[in-house]
Amino acid sequence: KLPKIAWIGLGIMGSPMAENLLKAGYQVTGFTLEKDKLDRLGRNGGTAASSIADAVREADVIITMVPASPQVEAVAYGPDGILENARSGALLIDMSSITPQTSVDLAKAAADKGVAVLDAPVSGGEAGAVEAVLSIMVGGEEADFERARPVLDTLGKTVVLCGPHGSGQTVKAANQLIVAVNIEACAEAVVFLEKSGVDLPAALDVLGGGLAGSTVLARKKDNFAHRDFTPGFRIDLHHKDMGIVSDAARNVGAALPVGAVVANLVGSLRAQGDGGLDHSALLRGVERLSGQ
Ligand code: NAD
């Protein structure tokens, strides 16, 4: 018998992920702050709960997909939160991208209530969520990972246990470093190519076939070409993630000389009011610096 799922946080990522579980035959009861997104869950065969407590009470597996550490803490702790209301023996899988320390602390607090926890952040963007081909980087106990595996395999394609609690978040932080630096490199190349008068689609086509090719370039080249910065993945969230990787790297004494510059550029875009745009809007920053 399939485990009963509670899903907290039905945003850009959470909605299509929860729908993939519904398509696979799971019962999903959800809660999120926006009414239209709760209604969407109901239309797709899920059950809209009126509170977190209501959503998690009967669940075998509870999944959270909220913006950042403060929201994970808000949904986990407190009288209406997950830990007060989940049944003992439930498994909590937090798929949000948060600080590794928050995941470690959550696992400890939940263990006192008989609730097992995995950190399981994802990469692959909205398209990866819709198509169920996410990379899912997991931290926690092996036995809990095995228990979560069928659910995670329904949401993603590359599902890997990376180590103890917090490890999934550490790997996700590295992922966000690579993605941001890669977007910035592509954006700088785009401005350089256009200012040089080279045909951009032709250039990006041939670049994509060589060593400069990347998932970032393939996925974001239309955003660059059409200056379409509809999210996708918001600058605000990438700013949060650059903060996470900067702190985590400082804690272990790892230098991020280029990462620090790109973190600064992401922060600068946000300060200029572009926090709601897709992270491919790093192109805007390069254009401004280039007098465009
Ligand atoms: P989003 O803002 O679209 O969705 C977040 C959802 O969380 C919202 O629907 C909101 O209602 C819900 N929420 C917030 N606080 C809540 C609370 N107290 N109770 C109940 N629900 C609450 O964000 P998203 O783009 O779906 O991102 C979610 C997480 O996934 C973030 O940590 C992000 O960094 C990560 N992520 C996003 C992408 C992407 O491409 N968008 C890719 C990989 C990882």
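**A first look around the ligand and the cores**

Biologist: How do the residues of the shell around the ligand divide into nonpolar, polar and charged?

Modeller: Keep in mind that this is a predicted model. In this model, 28 residues surround the ligand. Sorted by type, the residues of that shell come to 15 nonpolar, 10 polar and 3 charged.

Biologist: Which element gives the most to the shell around the ligand?

Modeller: The closest residues to the ligand are Gly 9, Gly 11, Met 13, Leu 33 and Phe 233. The elements that give two or more residues to the shell are α4 (69-76), β7 (122-123) and α7 (125-130). With 3 residues, the one that gives the most is α4.

Biologist: Which domains each give at least three residues to the shell around the ligand?

Modeller: The shell draws on two stretches of the chain, 5-164 and 170-289. At least three residues come from each of them, and they are domain 1 and domain 2.

Biologist: UniProt lists Lys 172 for "active site"; is Lys 172 buried or exposed?

Modeller: That listing comes from an unreviewed UniProt entry. Lys 172 sits in helix α9, which covers residues 167-195, and touches Ser 97, Pro 121, Ser 123 and Met 137, leaving out residues up to four places away in sequence. A residue counts as buried when 20 or more other C-beta atoms lie within 10 Å of its own. Because Lys 172 has 28 other C-beta atoms within 10 Å, Lys 172 is buried.

Biologist: Now the nonpolar interior: which helix gives the most to the largest nonpolar core?

Modeller: The largest nonpolar core has 57 residues, and those with the most contacts inside it include Ile 5, Ile 62 and Ile 93. The helix that gives the most to this core, with 5 residues, spans residues 142-155 and is α8.

Biologist: How many residues are in the second, separate core?

Modeller: This second core stands apart from the largest one. Its members include Leu 177, Val 190, Met 242 and Ala 248. The number of residues in this second core is 24.

Biologist: What does the cover over the buried residues of α11 include?

Modeller: Helix α11 runs over residues 215-226, where Val 216, Lys 220, Lys 221, Asn 223 and Phe 224 are buried. An α-helix has 3.6 residues a turn, so residues three or four places apart point the same way. The cover over the buried residues of α11 includes α9, α10 (200-208) and α14 (282-289).

Biologist: Which residue with a positive phi follows α11?

Modeller: Helix α11 covers residues 215-226. The residue that follows α11 has a phi near 50°, and that residue is Arg 227.

Methods. Residues are numbered from 1 along each chain as its sequence is written. This is a predicted model: local features need pLDDT of at least 70, side-chain atom pairs count only at pLDDT 80 or more; totals for chains, interfaces and linings use all residues. UniProt positions are given in the numbering used here, feature names are shortened, and annotations may be inferred rather than shown by experiment. Helices (H or I, at least four residues) and strands (E, at least two) are DSSP runs, numbered from the N terminus. A residue is buried if 20 or more other C-beta atoms lie within 10 Å of its own, exposed if 12 or fewer, and partly exposed in between; C-beta atoms are placed from the backbone. Two residues are in contact if their C-beta atoms, placed from the backbone, lie within 7 Å. A nonpolar core is a set of buried Ala, Val, Leu, Ile, Met, Phe, Trp, Tyr and Cys residues joined through C-beta atoms within 7 Å. A residue is near a molecule or strand if its C-beta atom, placed from the backbone, lies within 6 Å of it. Ala, Val, Leu, Ile, Met, Phe, Trp, Tyr, Cys and Pro count as nonpolar, Asp, Glu, Lys and Arg as charged, and the others, Gly among them, as polar. Domain bounds come from an automatic or database domain assignment.
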